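Hi,

Here is the model I promised to pass on. Have a look at it first, and my notes follow underneath.

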Amino acid sequence: MAKLLIVDDELPINRLVCKNLTLVGHECIPAYDGVQALSLIKSEQPDLIILDVMLPGISGFEIMKLLNSVPVIFVTAKTGLDDRIKGLALGADDYIVKPFEMAELTARVQAVLRRTKRDADTFSFDDITVDFSSRNVYKNGALAVLTPKEFSLLELLINNRNLALSREKILEKVWEYDYCGDTRTVDVHVQQLRHKLGIKDRIKTVFKVGYRFEI
Amino acid sequence: MRMKFFERTYLITFVLFLVFLNVAVFALAMYTFHNSTEAAKSVCLTEFLSITDAFEKDYEYTGAQSAGLLQATYGKFYKGKNISLKFITDGNVGYSSISESIPVPAENTLSMTRNDGKRYIVISKDVCEGAVTMVYSKDVSYLDKEFTRLCIVFVSGSLAASLVLGAVLYFILRKLYLPIVKLRSATGDIANGNFYVRAEDKGDDEVSALARDFNIMADKVSRQIAQLKDTADRKQNMLDNLAHEMRTPLTAIHGYAEYICSAKIPEEERVDAAKYIMSESMRLKDISEILLDSAFIRENGINPKDISLRGLAYRTCNRLYKEALGRGVLLSCIAEDVFVSADEPLMDILLSNLIENAVKACKGNGTVTVGTKLTENTVKLYVKDTGIGMTQEQLLHITEPFYRTDKSRSRAQGGTGLGLALCKRIAEAHGTNLEFVSEEGKGTEASVTFTTLYNNLTTDR
């Protein structure tokens with residue numbers, strides 16, 4: 001869907017981020033140092049850059065200063081508040097600290113893309129179209145009635161498609177952090193979603209893990 | 001910018017001056033007045049004596065019968081000369097041109113009296129063998145006028161002098177205080193955290209000396225602050241680096257585990273992910289081991305024994321020989337049988353690290369030599385390679401924790417970035433230094449120098 005440039009000098013991490021973001025439907029281009037990143041930004045015109053701060057050659061902050069209008073999510077191992085402020089002051093759209101969870105990264109990528117209108121507002125599969133801006137779902141062109149929580153759940157599953165989400169993660173993301181409910185709530189909502197949209201084959205139950213939206 | 005001290009000094013000096021000046025002026029005025037009065041008195045006395053002399057002669061000549069005429073003649077004559085006379089015979093006043101209100105002083109005395117706002121000098125004397133008392137009086141009011149004039153001159157003079165002195169004193173004191181004011185503003189700046197300000201210290205008085213001492217103090221303080229800042233920066237940097245080095249493998253381990261768990265991926269990719277997890281765990285293990293070694297040396301020091309450098313070098317080389325060969329590097333050892341006092345396990349770590357670095361520097365093609373170089377009472381243990389070498393800039397930093405000459409490559413080869421920092425610590429714990437000589441493109445020689453205990457080449461034991 002969107003074209004992402006992944007800048008990280010650590011081969012394992014770069015590959016990991018690429019693999020995950022490719023699975024959820026983005027096109028990923030890896031870059032391993034600052035110079036390579038700058039030339040790829042010019043030639044590939046990415047929609048979003050995921051930028052490590054500590055890079056050999058040119059640092060992430062310096063790359064940031066040379067950029068204009070391309071959204072950036074900083075990834076860094078530094079936890080200092082100073083760095084965080086510096087990153088955001090330079091115009092970064094978001095900031096994520098290592099080690100991070102994949103669902104966290106995909107959520108932030110999706111949020112930045114949607115905020116900067118770099119990603120499509122709708123997502124279609126089978127006979128279903130999901131409109132993220134109006135929060136409506138159409139099945140065969142007819143409006144399907146979903147509760148707000150069901151829609152949020154569907155949105156989360158689509159944004160993390162092909163990746164399994166634990167029930168706890170789903171609770172945290174859809175019902176917010178402070179919800180003290182049972183993970184059975186998630187099961188009930190998933191059943192409702194499968195039933196209302198007829199997508200039992202798409203939302204798979206992954207044994208001992210959770211649910212995965214497959215496409 | 002005025003200060004209390006300045007004001008106080010100014011006021012005290014000025015008031016003291018005023019007091020002394022006015023006392024002096026007053027004394028001078030009184031003295032002058034006294035002098036002119038005395039002068040007037042002596043003039044009058046002389047005048048009176050000459051009158052009495054003349055009168056006595058004439059009296060003798062004319063006799064007592066025509067005394068009345070004589071008195072009138074004298075009185076009238078001297079009246080024209082501004083002198084009043086009075087003659088008293090047996091208590092009866094004869095001729096008199098002196099006002100009745102002026103008292104007659106005792107005989108043979110001189111007095112000064114005031115009458116009708118005028119000042120008179122009055123003298124009386126018995127003449128003609130006591131037959132007549134002659135009283136003399138002269139108006140000396142000019143003395144009062146003179147005194148008033150004198151007072152005006154002195155008061156206006158002292159006023160003018162005070163004004164001039166006030167102004168001059170102000171400027172002189174200002175000038176004297178200027179160095180103190182400047183010193184104060186410099187200390188104020190330093191107190192506010194600007195440590196690069198210095199006070200003016202020209203001249204050789206106490207204030208300049210104080211300024212000089214102050215500058216020396218400021219120099220020391222700023223140097224110490226710079227040093228502290230440098231140390232703090234380096235520690236912060238080290239901590240940041242450590243966080244980065246720990247978090248990077250953690251991120252990979254967590255991420256790949258999550259990936260295996262949640263993504264629908266083929267078996268092959270699963271194995272790949274597991275391999276990443278294993279290699280990143282090893283990296284974490286390496287870092288923690290080096291940190292532990294480092295902490296151990298710091299806490300417990302070293303446990304030195306007499307060891308042979310030859311034995312140490314051969315054991316380490318034998319262990320690493322195959323691995324080096326597998327990476328295209330020929331490892332050779334030409335160490336001599338020299339004994340030094342060292343901690344063998346730590347020396348093994350040091351030597352292994354140096355050999356490891358040397359093998360990496362060769363980039364798959366070259367030789368690494370471990371050897372000893374003897375001088376009279378020291379021995380140098382060196383590791384020499386024919387690798388890529390380093391620049392002077394790189395040499396400066398290589399023993400800093402997490403410094404890498406080639407970051408991405410070093411990581412790919414499994415380096416922690418802590419090896420040389422540990423080697424440096426081991427060398428320092430042995431009371432020696434880790435030294436590097438390097439030339440770009442030619443190779444590097446790393447060495448530590450020990451004091452020789454004895455060697456089996458020249459002595460038998």
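Chain A has eight helices and twelve strands; these are DSSP runs numbered from the N terminus, with helices being H or I over at least four residues and strands E over at least two. Before you dig in: this is a predicted model, where local features need pLDDT of at least 70 and side-chain atom pairs count only at pLDDT 80 or more, while totals for chains, interfaces and linings use all residues. Residues are numbered from 1 along each chain as its sequence is written, and chains are lettered from A and ligands numbered from 1 in the order in which they are written.

On confidence, the predictor gives the complex an ipTM of 0.86 and a pTM of 0.62. Chain B has a mean pLDDT (the predictor's confidence in each residue, from 0 to 100) of 85, and 96% of its residues reach 70 or more.

Back to chain A. Of its 215 residues, 38% count as buried, meaning that 20 or more other C-beta atoms, placed from the backbone, lie within 10 Å of the residue's own. Take contacts (C-beta atoms, placed from the backbone, within 7 Å) between residues at least 6 apart in sequence: 51% of those in chain A join residues at least 24 apart.

Helix α5 of chain A covers residues 102-115, which is 14 residues. From first C-alpha to last it reaches 20 Å, close to the 20 Å expected at 1.5 Å a residue (that is, 1.5 Å times one less than the number of residues). Its buried residues include A:Leu105, A:Thr106, A:Val109, A:Val112 and A:Leu113. As a reminder, an α-helix has 3.6 residues a turn, so residues three or four places apart point the same way. After α5(A) comes A:Lys117, with a positive phi near 55°.

There is also an open sheet of four strands in chain A, ordered β6-β7-β8-β9 with antiparallel pairing; pairing takes at least two DSSP bridges between two strands. β6 (122-125) and β9 (142-144) are the edge strands, each pairing on one side only. β8 (residues 136-139) and β9(A) share three bridges, and A:Lys139 has A:Ala142 in β9(A) as its bridge partner.

Finally, the interface: which helix gives the most to the side of chain B that touches chain A? In total, 23 residues of chain B contact 26 of chain A. α4 (206-262), α5 (267-300) and α9 (407-412) of chain B each supply at least two residues of that side, and α4(B) gives the most, with 15 residues.

Cheers

Key: Contact = placed C-beta atoms within 7 Å. Buried ≥ 20, exposed ≤ 12 C-beta atoms within 10 Å, placed from the backbone.
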